[in-house]
Amino acid sequence: MSRATLIDLLYLFSATTFIVALKALGSPKRARLGNFVAAVGMIVAIGATFFTRVDGHALRHVGLIVLAMVIGLIIAVPAARFVRMTAMPQLVAIFNGVGGGAAALVSITEFSHIHNSHPATYVTLEVLLGVLIGTVSFSGSAVAYAKLQELMTGRPVTYPGQQILNGLFGLGGLALIVAILVSGTTSLLWVLLALSFVLGVALVLPIGGADVPVLISLLNSFTGLAVAASGFTLGNNLLIIAGTLVGASGILLTRLMSKAMGRSLGNVLFSAFGSATSAGAGAAGEQRPVRSGSPEDAGVLLSLASRVAIIPGYGLAVAQAQHVLRELAEELEAKGIEVFYAIHPVAGRMPGHMNVLLAEANVPYEQLKELDEANSELQTCDVALVVGANDTVNPAAADDKSSPIYGMPIIHADAAENVIFLKRSMRPGFAGIENELLYNPKTTLVFGDAKDTVTKLVAAVKAN
Amino acid sequence: MVNQLLQYATVLMLSIFVGIEIIAKVPAILHTPLMSGSNAIHGVILVGAMLVLGSATTNLEEVLGFVAVILATLNVVGGFVVTDRMLEMFKPKAKAVKKDEVSQ
């Protein structure tokens, strides 16, 4: 068997592991194994690549390749290992962005290489697509990272004529691609690179913080497509298969995620919500009466309950209050009070994020109830304790047709006898929308940092 | 040349269908790990980055290829490690810990 055949066989093996892994990642039991299988496939593919012969001789610059890999390892491992779980979404954004950047660079470099060895070569469509999609994914992910890391405002950034300008950027990109294909002017490739960079930024700026995870999923799919495009340029089946798998499954996953938020993908991408409504409603809202209480009041209320639903949100994770919250739940259970957690599909910042955060705090898996189940049980609860959640319990999503989040499924906290709402301030949530639940006569607001307040609640419950 | 392109296009088409088929029924709690896992898989661009750096003949190609290998390594390593970290928090461990605490 020739060396090339053997390497192709190993690539085939890797491609198979990726398919098996993606399938396994969809099942809670086999997900971790699936990830491991894909990692093995990846190592095999990388190992095989070292023995590839290009242009009739062995791989050049092996030292440089190894050096670059070591640099990558030194940066990636600590980042991935030690970043806090709350910062996970932005971490995924970064790792996705660099993948897109790599794909764009591979397309450009391979093109430049072919161009140098055969000067007459024309630019082909897949090189341009690889550059365009990869770069959009890179710069888009960078902006998504900045939004999630709060390096810039999480609010949609809008300016007059934005949609038109973005449309022009898109058209400009297409026109440029056609121009390069027709004229064969290779220096225009660099213009395309710059334009794609701007396009990625412009695409993400108008998207509100709460929608960014859906966007990351979309950019993830883009990177997959860019990888497939470089696969065409390099004539490598493994890149085509893996890239396309991620591209196709990623688009489907993006649709599933936006569906979990009750919105269409187009709505997420182009509606720029929360910018106009929040300012007016927020200012008017400050003056309306709310009922606030001390942690002790809330503690009494909790102690007298027989069934408590805890509704956690991202604020809980930011305050690192999941461990004290579990203590509170255990304290209540010790008093014979039944406790469960009502988990909204997009609680936290990504679907499933809250489950991960609570699992990290050793909250028993059986106490976590998903949206539908939680809603049917909330009617029988004496107290709904909202910790750091806001938009996911906003009744406006169910009642108010003019609300930007109308149609998003919510947890009906107001179905419980009493609502205790732990909140840092009257500021609206991530989506920037006023929450009617705060003004509900059933609601007692307890102001303060989630961790402090829950710690005080534990003491108050113990004292009763 | 054309035959080669057709072969790639065939692979592309089949992969699209496999990709769609695979994701069909996934519970919401696994959306994030799945996204992260597929994020790691597109890190296979590392193979492409190795090939372009390994065939680089000009300084520009070397620089671009070198950066590409670094970025792609970040993608692969970061992707798999983060996914594993998410997944290790799922069911089995949580249950085991609960038993420990009940017995205390």
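Two strands are taken to pair if DSSP finds at least two bridges between them, and helices (H or I, at least four residues) and strands (E, at least two) are themselves DSSP runs, numbered from the N terminus. On that footing, β3(A) and strand β4 (residues 338-343) of chain A pair in the parallel sense over 4 bridges. The structure is a predicted model, in which local features need pLDDT of at least 70 and side-chain atom pairs count only at pLDDT 80 or more, while totals for chains, interfaces and linings use all residues. Residues are numbered from 1 along each chain as its sequence is written, with chains lettered from A and ligands numbered from 1 in the order in which they are written.

Chain A as a whole comes first. Its secondary structure amounts to 18 helices and 8 strands, and the C-alpha trace spans about 80 × 50 × 35 Å along its principal axes. Of the 464 residues of chain A, 54% count as buried; a residue is buried if 20 or more other C-beta atoms lie within 10 Å of its own, exposed if 12 or fewer, and partly exposed in between, with C-beta atoms placed from the backbone. As for contacts, two residues make one if their C-beta atoms, again placed from the backbone, lie within 7 Å. Among the contacts in chain A with a separation of 6 or more, 78% are between residues 24 or more positions apart.

The domain assignment splits chain A into domain 1 (85-272) and domain 2 (288-463), with bounds that come from an automatic or database domain assignment. Taken over C-alpha atoms, the centres of the two domains are 37 Å apart. Where they touch, domain 1 of chain A puts in 16 residues and domain 2 of chain A puts in 18 residues. On the domain 1 side, α4 (88-117) and α9 (237-260) of chain A each supply at least two residues. That side divides into 9 nonpolar, 5 polar and 2 charged residues, where Ala, Val, Leu, Ile, Met, Phe, Trp, Tyr, Cys and Pro count as nonpolar, Asp, Glu, Lys and Arg as charged, and the others, Gly among them, as polar.

Now for the sheet. Six strands of chain A line up as an open sheet in the order β5-β4-β3-β6-β7-β8, with parallel pairing. β5 (368-370) and β8 (443-447) of chain A sit at the edges with a single partner strand each, so one side of each is left without a neighbour in the sheet. From one strand to the next, the twist averages 25 degrees; angles run from 0 to 180 degrees between N-to-C directions, and axes are lines fitted to C-alpha atoms, for helices over the stretch in contact. Between β3(A) and β4(A), A:Val308 has A:Val339 as its bridge partner.

What joins β6(A) to strand β3 (residues 307-312) of chain A? The two run parallel and are held by 5 bridges, and A:Pro312 has A:Val387 of β6(A) as its bridge partner. Strand β7 (residues 418-423) of chain A is likewise parallel to β6(A) and joined by 5 bridges, with A:Asn418 of β7(A) as the bridge partner of A:Val383. In strand β6 (residues 383-387) of chain A, 5 of the 5 residues are buried, so the strand is largely enclosed by the rest of the structure. In a regular strand the side chains alternate between the two faces of the sheet. Here A:Val383, A:Leu385 and A:Val387 point one way and A:Ala384 and A:Val386 the other. Helix α12 (residues 295-303) of chain A lies across β3, β6, β7 and β8 of chain A, at about 135 degrees to β8(A).

The chain A–chain B interface brings together 97 residues of chain A and 78 residues of chain B. Several helices of chain A each supply at least two residues to the chain A side, among them α1 (3-24), α2 (31-49), α8 (212-234) and α15 (353-360). The biggest giver is α9(A), with 19 residues. By type, the chain A side divides into 59 nonpolar, 31 polar and 7 charged residues.

Helix α15(A) deserves its own look. Buried residues make up 8 of its 8, so α15(A) is largely enclosed by the rest of the structure. One of its residues is A:Val356, which counts as buried because it has 23 C-beta neighbours inside 10 Å. Leaving aside neighbours within four places in sequence, A:Val356 is in contact with A:Met85, B:Met86 and B:Met89. After α15(A) comes A:Asn362, whose phi is positive, near 60 degrees.
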